[in-house]
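Student: I should like a close look at a single part of this model. Please take one helix and relate it to the elements that surround it.

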Amino acid sequence: MRPRNVWQAMSRPGYPLSVWPWRAAAYLCTGAATLVALLAAAAVCGVLALVLVGLPLLMMVALSGIPLAWVERHRLRLIDRDPVSGRHRVPNAPGLWAWLSTRLREQGTWREFGYALLFAGILWPLDALAVTIALLVPLSMVATPLLMATVGDGQEAKVLKQWTVTTWPTAFGVAVLGLLLMGLGAYMLGVTAGARAELARLLIGSPEGELGVKVVELTRSRARLVDAFEAERRRIERDLHDGAQQHLVALTMALGLARLDAAPGPLADQLTKAHEEAGKALAGLRQLIHGIYPKVLTDYGLQAAVSDAADRCVVPVDVDLELPGRPSQPVESAAYFAVCEALANVTRHSGANRARVSGGHRDGRLFLEVRDDGRGGADPSTGSGLTGLADRVSVLDGRLALTSPPGGPTLLRVEFPCELTETADRSA
């Protein structure tokens, strides 16, 4: 797995020979270009100060951190692949004054201005010092034999303009020492650049923006998981329907024909028993397939599937569900299984004589209610499946509400934000 930042790269044994020390050096060196841009902006402000005084000049100085922060966010990609969020708010109205007033009220603008002052006064000298010690000094030592062969005519060479080398063994020894120092300097560059990046992220990054990015990514990943789960559910249903069920049908038919051809006796009795067991297994498999993902839901939609589930319930169920279209497949599936779980709880735990399923779509929300006249007292902590049902509903930003006082009645309501599409056959 590729490192995401310089800290991860330094934790690996091949870091000094990788590209990351050079990326760290490039990050520190490009700070000089940023400084030049900052000085140019300061010179422009100085010229404008001749004609602008008071509030206009103050606003220009305060906003000087915005372009510097923009450059810094792009420079950070050299040593940190994770983006730094720094989105500014969109003004409520068009025009320059609305933009200025919005920016001057933002905390991010003042954090960026503080970073500009810190960069101009302290950070860039530290960057230059780190590059000089960790990179330029070792490189000049490595180049000692080359300097001795060219500038010194093979007689002598200056090491760091301080010491004179007059023999080739000494020159190569200094070069080897320079290589060793370059290895240590690689880590120095990484530590310096990593610390600088963390400081920049702290000052010019937007915690709210990064949190928003994480929430968006979490929402998207959650939606992908739901889609993958539904796709896997449908795949299992198809495999069982087209594979195991067909084999069981063939086996049942073969046993039935063998029973008809067998003479009365023990063999015929055994074939009859095997035929009955195969029929039971086929009926159980069909029930299992229907529970995994009913074909009626795919072909005819939620309204027909809820009516089918109500018909199969032991307790009499009235259905009052009117939908002018179909929701998305994840919402449709979650709503159907919510009704099925509620009806299963009615059958197993409520002692009800009758139940009712109602619902519809209003104000951009699909809502379903399951009511029974049972004893009430439903508790999600007792393992009735309500906890898992609530998790399934919340994944789609839905809401589940349960009202079940002792003595009843019990009312389960689920809601999903969704829009309906025209009714269409989804069996394909």
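**Helix α13 and its surroundings**

Tutor: In this predicted model, helix α13 is followed by Gly 351, a residue with a positive phi, near 65°. The helix itself runs over residues 329-350. Its 22 residues should span 32 Å at 1.5 Å a residue, and the C-alpha atoms at its ends lie 30 Å apart, which agrees. Of these 22 residues 16 are buried, so α13 is largely enclosed by the rest of the structure.

The surroundings of α13 can be described through the core to which it contributes. The largest nonpolar core has 34 residues, and Leu 302, Leu 343, Leu 366 and Phe 416 have the most contacts inside it. Two or more residues of this core come from each of the helices α12 (302-312), α13 and α14 (386-395), and likewise from each of the strands β3 (317-321), β4 (355-362), β5 (365-372) and β7 (410-417). The largest share, ten residues, is that of α13. Another core, of 28 residues, lies apart from this one; Trp 20, Leu 68, Tyr 115 and Ile 204 are among its members.

One neighbour of α13 deserves separate treatment, namely helix α12. The two helices pack at an angle of about 15°, and their axes are 10 Å apart. Because angles under 35 degrees count as roughly parallel, α12 and α13 are roughly parallel to each other. The crossing in which α12 passes α13 is right-handed. On the α12 side the contact is made by Leu 302, Ala 305, Val 306, Ala 309, Ala 310 and Arg 312, and on the α13 side by Glu 332, Ala 335, Tyr 336, Val 339, Cys 340 and Leu 343. The spacing of such residues can be read against the helical repeat: an α-helix has 3.6 residues a turn, so residues three or four places apart point the same way.

Leu 302 links the helix pair to the core. Beyond its neighbours within four places in sequence, Leu 302 is in contact with Glu 332, Ala 335 and Tyr 336, and also with Leu 297, Leu 321, Leu 323, Leu 366 and Leu 368.

A second helix pair may be set beside this one. Helix α4 (residues 65-75) and helix α8 (residues 168-204) pack at an angle of about 135°, with 11 Å between their axes; α4 and α8 are therefore oblique to each other. Here α4 passes α8 in a left-handed crossing. Ala 69, Glu 72, Arg 73 and Arg 75 of α4 meet Arg 196, Ala 200 and Ile 204 of α8.

Notes
Residues numbered from 1 in each chain as written. Predicted model: local features only at pLDDT ≥ 70, side-chain atom pairs only at ≥ 80, totals over all residues. Heavy atoms only, no water. Core = buried A, V, L, I, M, F, W, Y, C linked by side-chain atoms within 4.5 Å. Buried < 20%, exposed > 50% of the residue type's maximum accessible area, 1.4 Å probe, protein only. Helix = DSSP H or I, 4+ residues; strand = E, 2+ residues; numbered from the N terminus. Contact = heavy atoms within 4.5 Å. Expected span 1.5 Å × (residues − 1). Axes fitted to C-alpha atoms, helices over the stretch in contact; angles between N-to-C directions. Parallel < 35°, antiparallel > 145°, perpendicular 65-115°, else oblique. Left-handed = near helix turned anticlockwise from the far one by under 90°.
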